[in-house]
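Here are some short exercises to try with the model open beside you. Work through each task before you read its solution.

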Amino acid sequence: MKKRFLSWLLVLTMVISLIPSTLVTTAFAANAAGTGVNISGAQALTLNTGGATQIKQDGTYIVTGNGTQPILIGADAAGEAAATKVNVTLVLNGLKINSATSPIQILGGSELTLVLADGTENVLNCTKTGNEGEFDTSAGAGILCELGAKLTIDKAQDAAGTGSL
């Protein structure tokens, strides 16, 4: 009887371990609603005015406000240091970034789930343009997703469980 119980406990543990960790984070973040975003365990992200805002730890972050510097998710390998891969949920709650490079950059194979807070306007604008008639690889997109990185855009939901992008 004891072996049978332990066998079932092991099976249950293995099945639960197959559930992606992003599923739990996304489920909490998807309940963001309007300006009263309140997600248990979420941290408010303050935009850095003197340089890029870097996120190097897993978690759920709520970002609001205006800025001119990009948000970097994770970090590329540099010299001897390995790339920093993180799994982040970012709730955009009235965010406006006008940056000379891509306003949101997913680096080093990181994973980002973007949630747009219901009822808010979010603007990501890369102000750099290429030379007319030429392809300029240094001009950025609104969201840069490096090779190996993953981007998921989720819609916000209100209390009734409905929402839109």
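**Exercise 1.** Work out how many helices and strands the protein chain has, and in which order they run.

*Solution.* In this predicted model, the protein chain holds 2 helices and 10 strands. Reading from the N terminus, the order is α-α-β-β-β-β-β-β-β-β-β-β.

**Exercise 2.** Describe the protein chain as a whole: its burial, its surface and the sequence separation of its contacts.

*Solution.* Start with burial: 30% of the 165 residues count as buried. Next, take the surface: the accessible area is about 10,000 Å², and carbon and sulfur atoms account for 56% of that. Finally, turn to contacts between residues at least 6 apart in sequence: 68% of these join residues at least 24 apart.

**Exercise 3.** Decide whether Y61 is buried or exposed, and give the reason.

*Solution.* First locate the residue: Y61 sits in strand β3, which spans residues 59-67. Then compare its relative accessible area with the cut-off: buried means under 20%. Y61 is buried because its value is 6%.

**Exercise 4.** Find the surroundings of Y61: which residues does it contact beyond four places in sequence, and which backbone oxygen does its side chain reach?

*Solution.* Setting aside neighbours within four places, list the contacts of Y61: Q43, L45, I55, V88, T89, L90 and V91. Now follow the side chain of Y61, which reaches the backbone oxygen of Q57 at 3.0 Å. As a last step, check a C-alpha distance: Y61 and L92 are 31 residues apart along the chain, and their C-alpha atoms are separated by 8.8 Å.

Notes: Residues are numbered from 1 along each chain as its sequence is written. This is a predicted model: local features need pLDDT of at least 70, side-chain atom pairs count only at pLDDT 80 or more; totals for chains, interfaces and linings use all residues. Side-chain values use heavy atoms; hydrogens and water are left out. Helices (H or I, at least four residues) and strands (E, at least two) are DSSP runs, numbered from the N terminus. Buried means under 20% relative accessible area, exposed over 50%, partly exposed in between (1.4 Å probe, protein chains only). Contact means heavy atoms within 4.5 Å. Accessible areas come from the Shrake-Rupley method with a 1.4 Å probe; for residues, only the protein chains shown count as cover. A polar contact is a pair of N or O atoms within 3.5 Å; within protein, one must be able to donate a hydrogen and the other to accept it, and residues adjacent in sequence count only if both atoms are side-chain atoms.
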